[in-house]
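Student: I've just opened this one and don't know where to start. Could you walk me through it?

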Amino acid sequence: MKKSIFQSGLAGVALLLMQLAAIAQQAHNPIIFADVPDLSMIRVGTTYYMSSTTMHMSPGLPIMKSNDLVNWQFVGYAYDTLANVDALNLTNGKSTYGRGSWASSLRHHNGMYYVTTFAQTTGKTYIYTTNNIEKGPWKVNSFRPAYHDHSLFFDDDGRVYMLYGAGKLRLIELAADLSGLKPGTTEQILIENAGKPSGTGGGLPAEGSQLFKVKGKYYLFNITWPKGGMRTVVIHRADKITGPWEGRIGLQYLGVAQGGLIDTPDGKWYAYLFRDFGGVGRIPYLVPVNWEDGWPVLGVNGKVPETLDLPANKSLIPGIVASDEFTRRKGESALPLVWQWNHNPDNKLWSVSERKGFLRLKTGRIDTSFVMARNTLTQRTIGPECSGSTALDVSNMKDGDFAGLSLLQKNYGLVGVKMENGQKAVVMVSATSGKPVEVQRFPLTQKTVYLKAECDFRDRKDTAHFFYSLDGKAWKPIGEPLKMSYTIPHFMGYRFGLFTYATQQTGGFADFDYYRITDTSSQSARN
């Protein structure tokens, strides 16, 4: 009897292990635990491509590639700089935090790739085209006005449209060469209140349009946010692009919403959507889709599954974020695609070649605050936790200079070195309250210091801790924990950043020996 019970127990353990092993071989949601919002996706043969929003970052309008819908890597950007204006250059006291370029629309048609976006900063709509999505180059046409959250659509009859708007959704026709509006075209109102199926009253109007055609029918995806409710997918369908359109709720679960449809080569369908997830940003999900009575039905019993019948997720390192030793072989890009500048950089004031194996950031003007300083070089933070670190040579800083490692958002945190009256100090600055406060400082008498920031997004803790080291081995905490608050003025998840700026005189510089990111932190070991 005892032997039978023991054997049954072993069998149960073996079954559990088999089930856990099976789960480990499946994809899990979110597919990317990092800030990749407003995604637009296409499949070309067996390869998937995705564009998303990075707003005030340069280069911008990132293009990613995947062979399995789950694991993604950067292949390029549609533009290096969106425009040469004060707000994008961080000049004359102007910035474009939370604006820049927004939700893009990615399409493939007759061998050409198209990705479109719009910018409140410039008041324009942009259409980028290339015949090689992975290598470019991209050609751009732009025109006014900025068509909000538009969806580019090539119809079967050769006509090209943009469907756009918030609440009241409108349609305009483009010229055949996509150089602008078709001469003589008139705007049409397609849907008076696209959020009506979700009962939107006093909430945010439906927006984020993405238009598709499947088996002769038109399907329009939108997001709405009913008052007192959650982010909701609304789907409309029609037999003609001009309507009439009928709508229904597509998904209302955990606030996973905004996106569209994608199919696999073997005939499966998914919705790609994203979820607001606090300090790390807006993170992508995949949701299975079944077709019933001509409607796409999202989720499993109306819910977003934790696991998916797709290949398992690999680490986001190095596809989405990556360490960098700043060593460059001949012919390599100065900066890998994982890096983006906060606003347009001043290219005269940075280098990875002036000192081999180092990123040099030079001061060229006087700045009064971290968020208005140019040439902060950034990468995303990732969840559920991560750590970013660097080694900094401060021997060429001048009085008034501040250089170090940041977590960039409106309520930012910094750990770095300040030079004042010929003396250097390691300091931690917190803007948790919305205003920067120097929390702690220690004197620094050597030329090299090591800096680290750790982020914990588990269970939405959204907490960061800062550290410094004099030898790169023994780390000492500095300052206080930073509460990472996702704020609408910046409208972006927290980013690691390497920065230098001057407050008194120009001509100083800081040399960063490396940047290293991990998907673990010492905090998890202590918890």
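**A first look around**

Tutor: Let's begin with one residue: Leu-61 is buried, with a relative accessible area of 1%. Keep in mind that this is a predicted model.

Student: What is the phi of Leu-61, and where is its place?

Tutor: Leu-61 sits in strand E5. It isn't a glycine, yet its phi is positive. The value is near 55 degrees.

Student: Which loop holds Asn-375, and is Asn-375 buried or exposed?

Tutor: You'll find Asn-375 in the loop between strand E26 (359-362) and E27. This residue also has a positive phi, about 65 degrees, although it is not a glycine. Buried means under 20% relative accessible area. Asn-375 has 4%, so it counts as buried.

Student: Where is the cis peptide bond that has omega of about -5 degrees?

Tutor: Look at the loop between strand E4 (57-58) and strand E5 (60-66), where Pro-59 is found. The cis bond with that omega joins Ser-58 and Pro-59.

Student: And which residues flank the cis bond with omega near 5 degrees?

Tutor: Here the proline is in the loop between strand E27 (377-380) and strand E28 (385-393). That proline is Pro-384, and the cis bond runs from Gly-383 to Pro-384.

Student: Zooming out, how many helices and strands are there in the protein?

Tutor: DSSP runs are what get counted here. The count for the protein is three helices and 37 strands.

Student: What is the radius of gyration, and how does it compare with the globule rule?

Tutor: For 527 residues the globule rule gives 24 Å, and the protein comes close to that, so it is as compact as a globular protein of that length. Along its principal axes, the C-alpha trace spans about 85 × 75 × 50 Å. The radius of gyration itself is 25 Å.

Student: What share of the residues is buried?

Tutor: In soluble globular proteins, nonpolar side chains tend to be buried together. In this protein, the largest nonpolar core has 89 residues. Out of the 527 residues in the protein, the buried share is 57%.

Student: Which members of the largest nonpolar core touch the most other members?

Tutor: Trp-72 is a good one to click on: leaving out residues up to four places away in sequence, its contacts include Ile-31, Met-41, Tyr-48 and Ile-320. Apart from this core lies another one of 21 residues, with Met-372 and Val-427 among them. Back in the largest core, the members touching the most others are Trp-72, Leu-298 and Leu-407.

Student: Why does the pair of Tyr-114 and Phe-154 count as tilted or stacked, whichever it is?

Tutor: A whole-structure search finds 25 aromatic pairs. In this one the ring centres of Tyr-114 and Phe-154 are 4.9 Å apart and the planes are at 50 degrees, so the pair is tilted. Tyr-114 lies in strand E8 (residues 112-119) and Phe-154 in strand E11 (residues 151-154), so the pair ties together parts 40 residues apart in sequence. Planes under 30 degrees apart would be stacked and over 60 edge-to-face, so 50 degrees makes it tilted.

Student: Which ring does the charged end of Arg-516 sit over?

Tutor: Another arginine, Arg-355, lies over the face of Phe-358, at 3.7 Å from the ring centre. For Arg-516, the charged end is 3.6 Å from the centre of its ring, and that ring belongs to Tyr-514.

Key:
Residues numbered from 1 in each chain as written. Predicted model: local features only at pLDDT ≥ 70, side-chain atom pairs only at ≥ 80, totals over all residues. Heavy atoms only, no water. Phe/Tyr/Trp six-rings, centres within 6.5 Å; stacked < 30°, edge-to-face > 60°. Helix = DSSP H or I, 4+ residues; strand = E, 2+ residues; numbered from the N terminus. Lys NZ or Arg CZ within 6 Å of the ring centre and 35° of its normal. Rg over C-alpha atoms; globule rule 2.2 N^0.38 Å. Buried < 20%, exposed > 50% of the residue type's maximum accessible area, 1.4 Å probe, protein only. Core = buried A, V, L, I, M, F, W, Y, C linked by side-chain atoms within 4.5 Å. Contact = heavy atoms within 4.5 Å.
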